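Thanks, everyone. Let's go through the interfaces one at a time, and please keep the structure open while I talk.

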Amino acid sequence: MDTSRRKFLTYAGVSVLGLAAMPAVDAWASDTPYVVSSKQLKATRWAMVVDTTKLNSEADFAPLIEACHSIHNVPDIPTKQNIKWIWYDERERVFPDDENPYMAEAFEHKNYLLLCNHCFEPPCVRVCPTKATFKREDGIVMMDFHRCIGCRYCMAGCPYGARSFNFMDPRLHLDAAKENKEFPTRTKGVVEKCNFCYERLADGKLPACVEASKGALIFGDLDDPKSEVRKVLKERYSIRRKPSIGTQPNVYYLI
Amino acid sequence: MLETALKGSSRYWGWLVVLLGVIGVGAGMYLVQWNQGLTITGLSRDVSWGFYIAQFTYMVGVAAAAVMLVLPYYFHHYKAFKNMIILAEFQAIAAVTVCLGFIVVDLGQPQRLMNVLLHPTPNSILFWDMVVLNGYLFLNLVIGWVTLQSERKHVHPPKWVKPLVYTSIVWAVSIHTVTAFLYQGLPGRHYWLTAILAARFLSSAFCSGPAILLLVALLLEKLTDFRAGEEAKRSMAKIITYAMCVNVFFFLLEVFTGFYSNIPGHEHTIKFLFGFEHGNYVAVCMWIAAVLAIGSLALLIPPAWRDNAKVLPVALIALVVATWIDKGLGLLIGGFTPTPFETVTEYAPTVPELLISLAVYGTGALVLTILYKVALTVKKEVS
Amino acid sequence: MYDGSKIIVGLLVFVGMMTFPFWNNIGKAAYKTPELKLPPKSVATECVEGKEFMREKHMQLLNDWRDEAVRNGERLYVSQANHKQYQISLQNSCMKCHDNKEEFCDKCHNSASVSPYCWDCHIAPPKKGN
């Protein structure tokens, strides 16, 4: 048994394509030792809808952030070199283009949830020199921490400030007793961000923040007209961050 | 030919020891960075590139500048640059060495550097920058070394060098264009997202690179019996003056577009850089740069001053400092200010960061010294 | 030969230094494959592949696992030895049985002078204190 067999078969398959030997190739190719779990939640364009009317006080945001940061071993570093996967900030920082000196009081200083937008046209993926960050077939903008060389080009490329760099060993700021033993930490020198809980989707579970949000976050497939995200976007007014720069975020905010 | 670098005066060896000392201190500091990570720098989540990448950018310009001499010499047979040409090519080699050094010290996972080759990604400009920089290094090494060797043997350089020379001319433009593309293709970074960035890069390169080269040549004339030639020096000063005029003009174009259009994104960075908003040390530096830039032009434009051996070095130093602040400080800090949240996060390089940078520059100086020693020894032998 | 004596001395020094590892090890005990502590039979009786395969190729297998899981989203591995399915995960599969990193992973790695960076990120099971 050889694990490079799959690669060999890929090449072999390509080379016999011209001989119209497809049936035989199909039979071989199904022999690959790697399988997608039957529990995997599938989509072609994962998206998140944030119901901002349900997220107001710090008490509304905290459980979401805690849910994410605790299971993903995200440290809290009390400096400018902090790591954030999901957090919140005031309206003028989240939607800086929406300049309005006479904004209604209720919205003027309202806080909004922030996370990676999993853009349909992600600039971070375009600039990465090693494909360490890439777009999956289901639309998730993924990080391969094994491959990242830490050049931080993606951080310059991201127009949303969604990416964090491990300036130091994150374990210095993690409590070993509280680490989630089923998920890795990161090493110093790599970039990280929200991964839409790809590991939970593979297990048939929704992202941790969605689960903790009591309905404030809706997660689903934008390409499926019957999905809950499509339904709610059809009914209510929604906006996205910095729509003018063409990145097509897959995180929507219901106002 | 390399053996000629092994025989030198005590001043030559003393200088090498000084450089090795600087490199040693920085290398020690780099070990600390290797162990602790980039946390020892002033970089942050919001300003994720800083002094290292800025120096890289500036030195790509210096490397590209060799074309300002190579082009007249080879395309237009401008023989006055005869003595300078090898210095220009060797300066390019040293400059690219510095560039590569700054890229490496900036990486979070330098041991994975080869991933760029293992997983080539043509949609990344950084991949192309790696290609053009290494290509340029190779071209200049081959061209410089082979022509010098031919000169030593009193023969014409082999015919195959010519196509390489012509390639290197186009290539020089490409290295700085690609470096500008690193920045100007990023959505959401107001200061960089401008079509004139590549043109600004080239104009700033074509004044600052030859200026450094001319300063070094003047120094060599003082220290050794190397002579650049009066006509060569005057021509270089002219090239530098024109390029600096264009450089300042291009910057003013940015200022016009930002302020006349009154679009906040375009204005914000320039206001920050010149201290109209959130003033800090960067504003002081930028004003110094502005004054020095205008001052250098005031000294360079009148021919009488430009050709004056006392005035010229002062003007050149002013020019180099001005362009260095603009590109080695303002460009990067300005690009990350404002942040994607339209806030300001301050950045200043730390002492370890500066020491490591000094070591990278020291390595470049070491390479330059050895190459120049070889070149000057050969020139002396031949004459 | 100009400077003949200097050259010969230089050559001798060079050859001496190049062969240092060999004569430094003369007379020392031969290399012994370290004895690894396998998980007790009550935990597991077989690995995802046979013993010989794992000893020889676990690094390639882990490399392939990593790419398949992280990059292709294929998170299950079908063993070619026993045809069972395993979840691809260093932390949640391998080290659930091999829960003693010091006695299993480190022993060989130390003896072979390799230091894979797996555990810079992946969390090893708590130390057993032996």
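A salt bridge, for today, is a side-chain nitrogen of Lys or Arg within 4 Å of a carboxyl oxygen of Asp or Glu. Here is one: Glu182(A) pairs with Lys96(C), with the closest N and O atoms 3.8 Å apart. The rule finds 2 salt bridges across the interface of chain C and chain A.

Some ground rules. This is a predicted model, where local features need pLDDT of at least 70 and side-chain atom pairs count only at pLDDT 80 or more, while totals for chains, interfaces and linings use all residues. Residues are numbered from 1 along each chain as its sequence is written, chains are lettered from A and ligands numbered from 1 in the order in which they are written, and side-chain values use heavy atoms, with hydrogens and water left out.

Stay with chains C and A. Contact means heavy atoms within 4.5 Å. On that rule, 29 residues of chain C touch 35 residues of chain A. Buried area is the accessible area (1.4 Å probe) that two parts lose on being put together, summed over both. Chain C and chain A bury about 2,800 Å² between them, and 52% of it is on carbon and sulfur atoms. Which residues of chain C lose the most area to chain A? They are Val70(C), Arg71(C) and Ile123(C), together 24% of what that side buries.

Now polar contacts: pairs of N or O atoms within 3.5 Å, where within protein one must be able to donate a hydrogen and the other to accept it, and residues adjacent in sequence count only if both atoms are side-chain atoms. Between chain C and chain A there are 13 such residue pairs, both residues at pLDDT 80 or more. Helices (H or I, at least four residues) and strands (E, at least two) are DSSP runs, numbered from the N terminus. Helix H3 (51-71), strand E1 (76-78), helix H4 (90-97) and helix H6 (118-121) of chain C each give two or more residues to the side touching chain A. H3(C) supplies the largest share, 9 residues.

There is strand pairing too. Two strands pair if DSSP finds at least two bridges between them. Strand E1 (residues 34-35) of chain A is joined to E1(C) by 2 bridges, and the two run antiparallel. Val35(A) stands opposite Leu76(C).

Next, chain B against chain A. Here 43 residues of chain B are in contact with 46 residues of chain A. The buried area is about 3,600 Å², 54% of it on carbon and sulfur atoms. Arg45(B), Pro187(B) and Phe341(B) supply 22% of what chain B buries, more than any other three residues. How many salt bridges are there between chain B and chain A? The count is 1. Asp106(B) meets Arg152(A), at 2.6 Å from N to O. Polar contacts number 31 residue pairs, both at pLDDT 80 or more.

Last, inside chain C. An automatic or database domain assignment sets the bounds: domain 1 (45-88) and domain 2 (90-130). Their C-alpha centres lie 17 Å apart. The contact involves 7 residues of domain 1 and 7 residues of domain 2. Together they bury about 410 Å². Leu62(C), Trp65(C) and Gln87(C) supply 64% of the area domain 1 buries against domain 2. The rule finds 0 salt bridges between these domains.
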